[in-house]
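Morning, everyone. Please pull up the model on your screens, and I'll walk you through a few parts of it.

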Amino acid sequence: MKERLTITALGPHIGAQISNLDLSRPLSDAQFEQLYHALIRHQVLFFRDQPLTPVQQRALAGRFGDLHIHPVYPHAEGAEEIIVLDTHDDNPPDNDNWHTDVTFIDTPPAGAILAAKLLPESGGDTLWTSGIAAWDALSQPFKQLLSGLQAEHDFTKSFPEYKYRGSEEEHQRWKQAVEKHPPLLHPVIRTHPVSGKQALFINEGFTTRIVGISQKESDALLNFLFAHITKPEFQVRWRWQENDVAIWDNRVTQHYATADYLPARRIMHRATILGDKPF
């Protein structure tokens with residue numbers, strides 16, 4: 001008998017909640033196929049009550065592809081592919097801006113899996129926005145203007161040096177990361193390799209400029225696009241409960257983790273799935 005997932009759309013453009021699935025157990029091919037197609041369609045999927053260990057989370061993410069090991073974030077014991085995002089007064093969050101994960105590499109992640117481990121009593125929601133919906137909403141002349149343009153993505157925009165001077169070891173790790181990840185170019189408009197849909201592929205976290213035009217023109221275009229992508233119509237907002245899991249398509253979305261919970265503490269575990277070169 002084929003195991004049917006229950007898929008409940010959370011909005012017309014982005015987001016769906018999945019039930020009738022235990023992510024701690026290995027997925028059957030039928031379950032994975034349904035999950036994969038739901039992810040392509042809804043761009044971010046949410047699951048309640050999924051107490052995953054780091055090793056189980058790594059195994060789940062591994063079904064989608066090879067995993068990225070982050071150059072500066074700490075990782076879970078026994079699973080270096082699982083980033084630990086532990087934020088509190090002494091380590092305030094740095095992801096309270098609209099960003100697409102790790103666009104500072106040549107092949108940015110295809111997706112990510114985030115698991116909620118410790119949550120504040122309230123606050124700490126995460127929002128996702130659809131680059132496909134944002135692109136579709138632009139006028140034809142504006143789409144023509146953006147097509148074919150490239151933008152620079154820079155690691156140091158979200159990871160500036162001053163944040164990594166806590167110890168000499170930390171500073172050295174940051175310097176090595178900068179050396180390994182010089183600024184690089186990606187298309188402003190990305191084509192999804194599976195669905196063929198087009199999406200805006202610039203983000204406030206890492207995009208510094210559009211090349212081939214003047215700085216003033218670049219600033220004007222980027223500022224417009226950064227504001228455009230934050231329209232509520234393109235978004236879904238998730239109120240976390242402990243052991244919730246989110247899986248998202250990093251190629252066509254951006255997300256924003258609200259930093260409204262300090263001095264409370266919030267611990268999340270993330271697995272990042274390697275992707276391919278944007279086109």
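Start with one facing pair. Alanine 112 stands opposite tryptophan 248 in strand 14. Keep in mind that this is a predicted model.

That pair belongs to a longer match. Strand 6, residues 111–118, and strand 14, residues 245–249, pair antiparallel over 5 bridges. Strand 6 also pairs with strand 16, residues 266–273. That pairing is antiparallel too, with 7 bridges. Find leucine 118, and you'll see its bridge partner in strand 16, isoleucine 267.

Is strand 6 mostly covered or mostly open? Mostly covered: 7 of its 8 residues are buried.

A quick reminder on what holds such strands. Strands of a sheet pair through backbone hydrogen bonds, parallel or antiparallel.

Next, another sheet. Here 3 strands form an open sheet, in the order 13-7-15, with antiparallel pairing. Strand 13, at 235–238, and strand 15, at 253–257, are the edges, and each pairs on one side only. On average, neighbouring strands in this sheet are turned by 20° against each other, ignoring direction. Strand 7, residues 126–130, is joined to strand 13 by 4 bridges. In one of the matches, threonine 126 has tryptophan 238 of strand 13 as its bridge partner.

Now the rings. How many aromatic pairs are there? The count is 15. Take phenylalanine 159 and phenylalanine 206. Their ring centres are 6.1 Å apart and their planes sit at 25°, so this pair is stacked. The cut-off for stacked is under 30 degrees. The two come from distant parts of the chain, 47 residues apart. Phenylalanine 159 is in the loop between helix 5 (155–158) and helix 6 (168–180). Phenylalanine 206 is in the loop between strand 11 (198–200) and strand 12 (207–210). Both phenylalanines, 159 and 206, are buried. They also belong to one aromatic cluster, together with Tyr73, Phe104, Phe155 and Tyr164.

Two arginines sit over rings as well. The charged end of arginine 63 is over the ring of phenylalanine 32, 4.7 Å from the ring centre. Arginine 190 lies over the face of phenylalanine 201, and there the distance to the ring centre is 5.0 Å.

Last, the annotation. UniProt, in an unreviewed entry, lists residues 7–272 as "domain: TauD/TfdA-like". In the model, that span is 25% helix and 28% strand. Its end C-alpha atoms lie 23 Å apart.

That's my tour. Over to you for questions.

Methods:
Residues are numbered from 1 along each chain as its sequence is written. This is a predicted model: local features need pLDDT of at least 70, side-chain atom pairs count only at pLDDT 80 or more; totals for chains, interfaces and linings use all residues. Side-chain values use heavy atoms; hydrogens and water are left out. Two strands pair if DSSP finds at least two bridges between them. Axes are lines fitted to C-alpha atoms, for helices over the stretch in contact, and angles run from 0 to 180 degrees between N-to-C directions. UniProt positions are given in the numbering used here, feature names are shortened, and annotations may be inferred rather than shown by experiment. Rings of Phe, Tyr and Trp (its six-membered ring) pair if their centres lie within 6.5 Å; planes under 30 degrees apart count as stacked, over 60 as edge-to-face and the rest as tilted. Buried means under 20% relative accessible area, exposed over 50%, partly exposed in between (1.4 Å probe, protein chains only). A charge sits over a ring if NZ of Lys or CZ of Arg is within 6 Å of the ring centre and within 35 degrees of the ring normal.
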